[in-house]
Amino acid sequence: MMWICSKSCAALVIFALLISPAVAQLPTAQLNTVFPLGGRPGATIDATIGGKDLDPPSRLWFSHPGISGKAKETPPNEFLPPRPSPNQFTVSIAADVPPGIYDVRVVGKYGASNPKAFVVAAQPDALEKEPNNDAATATPLPLDSVVYGTADGENFDVFKLALKANQRVVLDCQAYRLDTKLNGTLVLLDAAGNELARARDSVRRDPVIDFTAPADGDYFVKLHDHTYRGGEEFAYRLVATTGPVVDFAFPPCGESGKKQRIALYGRNLPGGAPVEGLNTSGRPLEKIEVELDIPADPALRQTLAIPGLIESEESGLDAFSYQHPTPAGPTNPVLIGFASAPVIVEQEPNNDAAAAQKIALPCEFVGQFHLRGDVDRVAFEAKKGEVYWIEVLAQRLGTSADPYVLVERVTKNDKGEEEISVLQELDDDRENLGGNNYRRFRTRSGDAAYRFAVPDDGAYRITIRDLYYRNRGNPRFVYRLAIRQEQPDFRLAVVSLPDEPQQDQQAVPAAPPLLRKGGAIALDVLAFRRDGFAGEIELAVEGLPMGVTAAPAMIGRDDSLGVVTLVADPSVVDWVGEIKIVGRAKIGEEVRTRTARTGAVVVPAQNGNETSRARLARSLVLAVTAAETAPAVVRAGEGKMLETSRGGKLQIPVQVTRHGDFKGQINLQADGLPQNMGKPNVNVNGDQASANLELSINQNVKPGIYAFVLKGQTQWPNYRRNPEAAEAAKNDKEMLDKIAQQVADEAKQTQQRKQDAEKTANDAAAAAKQAADALAAAEQELKQARQQADQAAAAAKAAKDAAMAKADDANLAAAAQTAEKTAADAAAKVQAATEKKNAAAQAMTEAAAKSQQMAEAKTAADKAASDAAEKSKRAEQAKQQANQTLNQINEQAKPKNVNVAIYSTPILIKIAETPVTIAFPSPSVAVDQGGQAELPVSVARLYGFTEEVELVVTNDNARGVSADPLKLPGGQNEGKLALKADKNAQPGERKLTVEARLKFNGQDLRQKAEFTVVINEKQAESK
């Protein structure tokens, strides 16, 4: 057996075929498909993946340690050793892995990919078998089983299931919930082809059919994409179950540390009973009640469980997962939220204003937009000065409801008639964290929140309904209306950023975090601010490997977006692992710590015509590679807080560390600053290692702490994609060239041996024929000799008898003697002919044996020549394939100038009101009515400010006290304000304001400080 390369080289050759033919951007692993979408505990399954930049994949990374994936290998052949089989893995699921949905990633040279969903479930499962486009070829779908398949585009996938009369089955096509592109439609038919049920967008965007069989028989399920698309990215998991299914829980929340009675609504619930009038898609729902202990652990209270799909707009909530145990196994999980106040359940009828349900604040009012036209109203009393947050949650609970809230003040006129004043309408959260154009992780939803400062004592009413209530109603449309006292807090979500500039700004690549040696990547951190919390949030990273650092970062006051930059030293080694982003903020006197939830793009968009999808992942996985060195890393701001004031200017140092022979220009622009601070930029030329970014602060900038990064791009010259694969392919091709030549030479030699064997066989056959002819002639000669001998013997006998009859006849005696001699001679000839015949027979036997031997040798030579020719043909084909592969990889590895995104380390700046502070040696001064007093005052000049300061006492609260303006020229920091009190000034203590007026870099600024003046009543003069 011949081997052309090592196992790793062969893998590089094979997986190079997975690469797109042109390198337009830096490669980063992107996982698009996994099939099948799951498996059973204890099972080992064959899985196929699809995506880009997955070469060569080394393993699958699952969010549960009990699941692993190893690359499959092809069997060895005469030229290649065992090698990874493209896109093929063996997945092993431990028997103790709990049923659930997990994340799977592919780990390879270009990092750990984005996650995809992978289901572990106990039901028997099978793969769809094609063709199955009609009833005659339908794939069997046993009850309480799962079939994994992919949509065929214009064709239907058809499944057959056998049902008994009155047997209830739930058919659930899971696709959107499992990160695939299928927008499924299910159609149920009887054996005659009559349509019995149809579903689309039942749960999320997946179809579910709840069916009770009218009679025994076979039924058929047709499945297709709604727009008749198909392919690997349109996979699904079709479940046919008679087991328990929970549609929703009500109430959907409970107070932490307390017991909450919760009703579970669904189908086939053990001990459940149908609820009169409660239907979904025309099918009755059953109900069971459970009493739950809502967890009191503060750490759990701040988390959001991820039992299934948690979309980006839902990612700011707090909830835990609950599965109800049943004899048939646990139900599917439901999320139970942590209520922010005591829970009050809706009581119908409450549609009309007169029937508004009375509630006491604070509370979480929970209800349902159950029926078409449903309107819910609550009424409450509140006192002036009280502050509540009114927040509605519906879409963020995973429903398609679009809540509308109306807050009204209810008063009565002199006639006792009710009068209404509208205080606020709530319809959609208009804030998308990161800005309205932020598409990587959309957080905007149809829910909304409002700070309700009670204007007056009295009665108030809230109306809540679905925006489209006139046309629809659904018991699944559960909502939470929180009316709570202010509870300032925050939650975080982290999203990785692309490491290459996007040609189409509407594109949303998957872009999992991949950190190259000597480079940097950026992670966006989104802040869900609650109940008016506006403070700074400090960001830190935990779990980083050796050689990777994260500079101090922050989300500035009132901002919703911060950036964390990870930097890798040139000495890092390959590493894949989980990290955490942690935020800390002071709220009141308490410092609160929150761990960021991980957002991930699971369905990327190549352009604005496609729709991307993002969800919460179960962990943040970082990959560090030592296989490639980034061209440069940018550090800005020296890692410390930079300070100035409004009107000031900052020179922000920018340091560039270049690697290798990179000399390209780097264009950087500030990203993350408020709009009124502009977008200053700086270019660092190829011969520069440093530069300064000048930041001018306008007078209308709000004082506070800001955090931003420098973002830009450069060209990575002569970037080669996977040069190791190119080198391996070159070695493989050269070795195969030698092998092909060697095999061709062997084929020529075997051909010559065939020809030689053919001649030898022909010669041996001819010699055998000659021997046979000689034998035949000898046999004929022997025959003739025997005939002559017989004749001579007969004649001799006759002559002898005649001579004996006449003994005295000399002539007869002589004749007898002559006849005997003739007979003897004839007998001798027989003996000679016999010997000759025996010799000829021996010669013929030997010649025939040799001819047979040479014929067999010829046959063997023929086969050897044929085998050698076929082997030479295979070697030539392998050589041509290796040459084609080499050409492909050489094209892919051809040096190219690739645009690369550059993110600096974060820059932290603190903006003060002005470049001066005002101080009073004494906090108060006394002055008599009609008298004067001096108020010593000093200013501290900051940030290089040296200009004149004018100090003016404002008159808002003076009431009889005045002072001439005091001007402190540059270089003078102290002075005295001459205060004058009118003779009629009201005696007493009051606060006055000194305003510093100045110009800083040509901008007018004001700074205020308070002091106390005590006006003494002038004593009457004695007479």
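What share of the contacts in the protein chain between residues at least 6 apart in sequence join residues at least 24 apart? In this predicted model, the share is 72%. The report below describes the overall form of the chain, one of its sheets, and several of its salt bridges.

**Overall form**

The protein chain has 1023 residues, and buried residues make up 50% of them. Its secondary structure comes to 4 helices and 66 strands. The C-alpha trace spans about 230 × 80 × 40 Å along its principal axes. The radius of gyration is 47 Å, whereas a compact globule of 1023 residues would have a value near 31 Å. The accessible surface amounts to about 46,800 Å², and carbon and sulfur atoms account for 48% of that surface.

**An open sheet of four strands**

In an open sheet, 4 strands are arranged in the order S20-S22-S24-S23, and their pairing is antiparallel. Strand S20, covering residues 245–250, and strand S23, covering residues 273–280, are the edge strands, each of which pairs on one side only. From one strand to the next, the twist averages 40 degrees. Strand S23 runs antiparallel to strand S24 (residues 283–293), and 4 bridges join the two. Within this part of the sheet, Thr280 stands opposite Arg283 in S24.

**Salt bridges**

The count of salt bridges comes to 64. Three of the pairs are set out here with their N to O distances.

| Pair | Closest N to O distance | Separation in sequence |
|---|---|---|
| Arg618 and Asp103 | 2.8 Å | 515 residues |
| Lys109 and Glu724 | 2.5 Å | 615 residues |
| Glu314 and Arg204 | 2.5 Å | 110 residues |

The side chains of Arg618 and Asp103 meet in a salt bridge. This pair links distant parts of the chain: Arg618 lies in the loop between strand S47 (613–617) and strand S48 (620–629), while Asp103 belongs to strand S7 (residues 100–108). Asp103 is buried, with a relative accessible area of 0%, whereas Arg618 is partly exposed at 23%.

A second salt bridge is formed by Lys109 and Glu724. Because Lys109 lies in the loop between S7 and strand S8 (111–112) and Glu724 lies in helix H3 (residues 723–805), the pair ties together parts that are 615 residues apart in sequence. Lys109 has a relative accessibility of 15% and counts as buried, because the cut-off for that class is under 20%. Glu724, at 37%, counts as partly exposed.

The third pair is Glu314 with Arg204. Glu314 is found in the loop between helix H2 (298–301) and strand S25 (319–322), and Arg204 in the loop between strand S16 (195–200) and strand S17 (208–212), so their salt bridge ties together parts that are 110 residues apart in sequence. Glu314 is buried, with a relative accessible area of 5%; Arg204 is partly exposed, with 25%.

Salt bridges also link residues into a network, which consists of Arg301, Asp318, Asp489, Arg491, Arg530, Glu590, Arg592, Arg594 and Arg597.

Technical notes:
Residues are numbered from 1 along each chain as its sequence is written. This is a predicted model: local features need pLDDT of at least 70, side-chain atom pairs count only at pLDDT 80 or more; totals for chains, interfaces and linings use all residues. Side-chain values use heavy atoms; hydrogens and water are left out. Two strands pair if DSSP finds at least two bridges between them. Axes are lines fitted to C-alpha atoms, for helices over the stretch in contact, and angles run from 0 to 180 degrees between N-to-C directions. The radius of gyration is taken over C-alpha atoms; the globule rule is 2.2 Å times the number of residues to the power 0.38. Buried means under 20% relative accessible area, exposed over 50%, partly exposed in between (1.4 Å probe, protein chains only). Contact means heavy atoms within 4.5 Å. Accessible areas come from the Shrake-Rupley method with a 1.4 Å probe; for residues, only the protein chains shown count as cover. A salt bridge is a side-chain nitrogen of Lys or Arg within 4 Å of a carboxyl oxygen of Asp or Glu.
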